[in-house]
Amino acid sequence: MSPLAPTARGGRLAVLVIGLCWLAVLFDGLDMFIYGSVLPHLLETGTFGLTPDQAGDLGSYATFGMLVGALTAGTVADRIGRKKLMVACVTLFSLASGLCAIADSVAVFGLGRTLAGIGLGGLLPTAISMVSDYAPRGRAALVIGMLMTAHHAGGILSAYVAKWLIEPAGWRAAFWVCVAPLLFAPVLAKFLPESLSFLLAKGRAEEARALATRYDVELPAAKPERATAADRWANLVSLFRGGEWIQTLLYWLASFGGLLLVYGVATWLPTLMRAKGYELGSALTFVVVFNLGGITGMLLAGRAADRFGAPRISAIWFALTAAGVFLLSVHMPLAVTMTVVFLTGVFLNSAQTMIYATVSIRSRPDNRATAVGWTSGMGRFGAVFGPWLGGQLLAADHGDWGFTAFALAGLSSTVLIGIAALRGARRTPADTPTQELATAH
């Protein structure tokens, strides 16, 4: 039987939703990674008179937009529906890439990257919510893991787009390719069904029932009333009561360091490898290898955490990431470097998810969503800081320190998550909803 074969839920609808969301997240990854892939060319040719510190700022604009998009996605989706939000996000980051393609100044290009970031930040958590809603029973973790591979597949695609188009057609052609997902938006609008949970929450029970009947799907059970603002505030305050504030700050700081590392490396990997003396083609190949490692890591991390515990795996993963990133500061034979880049991708891209798993395991069930959500939110400030930091180091002619700085961020997360785990916070049964962990990233 196929791993996506239905148990009590309709397989046809699951395949439709998962397939469409996978393609949407593929385009999300392409748009996210394309800037890092074209950045070495932009700096070498002096496009817009771009300096390394300005390049770092531009990288941070996109991640700041992602922060805004991620924070507002839930509220907007509750109002207009997940389907409409996904269509809007794909449309937004596609048009924003078009703005980048025609930009005649750093300011216009930066505006395009900021708007793209808002769309990118809103799409991923919404897509994860959609596939969670329609995943075959007992297959939610598998389906979300499959969906997350699309983001890294988009990173691989970005490297090939840059490699094939920059030399013959220029960097603008790469961003025009990122406009192509605009043609996918009508496909989403036509074929992607709305969330059954959203339809029921809005009182559209007949529409939900008709959709469920059409695809032979069970209607979701009625969910309890949503928490009020006072409830959410009380949940947040509880994270700081007694000795909990220490644990909370440790998780937040570990998440900050983790996402600084993730987005700093994602933005600057080709440029830093180019600065180490590798040809542009080889530097872009590193992006491919790095994301292949990310796909592998996403499929392995969950199993390792189930066997050895999420806190332990998170600390070990960050330590191995720090070692790998530091080794990249040394010019090694190409085959060795490729191996290190692959292994760094394996550990880096799943280490952060293990922080969310740790927080979830150590939190009370009634406060779990708040704890994971705020850990993710604080970490996203690291995502803004990472690209900026790389640009500042290059601008100060300290490019050799780029990998070292990112390695130190990984090492700090190792120490922080290790201390948090050793403090032995409250343990709860590991029946955490996978959606909470994945949407946080």
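I246 lies in helix α11. In this predicted model, I246 has a relative accessibility of 31% and counts as partly exposed. Together with F240, W245, L249 and L253, I246 makes a nonpolar surface patch. The patch covers about 420 Å². On the scale of the whole protein chain, the accessible surface comes to about 18000 Å². Carbon and sulfur atoms account for 66% of that surface.

The protein chain holds 17 helices and 0 strands. Of its 441 residues, 58% are buried. Contacts that span long stretches of sequence were also counted. Among contacts between residues at least 6 apart in sequence, 83% join residues at least 24 apart.

The largest nonpolar core contains 129 residues. Within this core, C21 and F406 touch the most other members. Helix α1, residues 11-45, gives the core its largest share, 18 residues. Apart from this core lies another one, of 5 residues. I156, V287, V288 and I295 are among its members.

The surroundings of F406 were listed without residues up to four places away in sequence. On that basis, F406 touches L260, L261, G264, V265, W268 and L272, among others. The list for F406 also includes V325, G386, L389 and G390. V325 appears again in the surroundings of T344, a residue of helix α14 (residues 334-362). With neighbours within four places in sequence left aside, T344 is in contact with F290, T321, G324 and V325. T344 has a relative accessibility of 3%, so it counts as buried, the limit being under 20%.

S413 is found in helix α16, which spans residues 401-422. At 0% relative accessibility, S413 counts as buried. A polar atom of the S413 side chain lies 2.8 Å from the backbone oxygen of A254. A254 is also one of the residues in contact with S413 once neighbours within four places in sequence are left aside. The others are G257, G258 and F318.

Charged pairs form a further group. Side chains of opposite charge can pair when their charged atoms come close. The count of salt bridges comes to 4. One of them joins the side chains of R113 and D31, at 3.1 Å from N to O. This pair links distant parts of the chain. R113 sits in helix α4 (residues 106-134) and D31 in helix α1, 82 residues apart. Are the two partners buried or exposed? R113 is buried, with a relative accessible area of 1%. D31 is buried as well, with a relative accessible area of 0%. Both values fall under the 20% limit, so both residues of this salt bridge count as buried.

A second salt bridge joins E44 and R274. Their closest N and O atoms are 2.7 Å apart. E44 lies in helix α1 and R274 in helix α11 (residues 244-275), so this pair ties together parts that are 230 residues apart in sequence. E44 has a relative accessibility of 47% and counts as partly exposed. R274 is partly exposed too, with a relative accessible area of 26%. Helix α1 thus holds D31 of one salt bridge and E44 of another. Helix α11 contains R274, and also I246 of the nonpolar surface patch.

R204 forms a salt bridge with E207. The closest N and O atoms of this pair are 2.9 Å apart. R204 is partly exposed, with a relative accessible area of 33%. E207 counts as partly exposed at 38% relative accessibility.

A88 has its place in helix α3, residues 82-102. With a relative accessible area of 38%, A88 is partly exposed. A88 and A185 are 97 residues apart along the chain. Their C-alpha atoms are separated by 8.0 Å.

Key. Residues are numbered from 1 along each chain as its sequence is written. This is a predicted model: local features need pLDDT of at least 70, side-chain atom pairs count only at pLDDT 80 or more; totals for chains, interfaces and linings use all residues. Side-chain values use heavy atoms; hydrogens and water are left out. Helices (H or I, at least four residues) and strands (E, at least two) are DSSP runs, numbered from the N terminus. Buried means under 20% relative accessible area, exposed over 50%, partly exposed in between (1.4 Å probe, protein chains only). Contact means heavy atoms within 4.5 Å. Accessible areas come from the Shrake-Rupley method with a 1.4 Å probe; for residues, only the protein chains shown count as cover. A nonpolar core is a set of buried Ala, Val, Leu, Ile, Met, Phe, Trp, Tyr and Cys residues joined through side-chain atoms within 4.5 Å. A polar contact is a pair of N or O atoms within 3.5 Å; within protein, one must be able to donate a hydrogen and the other to accept it, and residues adjacent in sequence count only if both atoms are side-chain atoms. Patches are made of residues with over 30% relative accessible area and no salt bridge: like charges are joined within 9 Å, nonpolar side chains (Val, Leu, Ile, Met, Phe, Trp, Tyr) within 5 Å.
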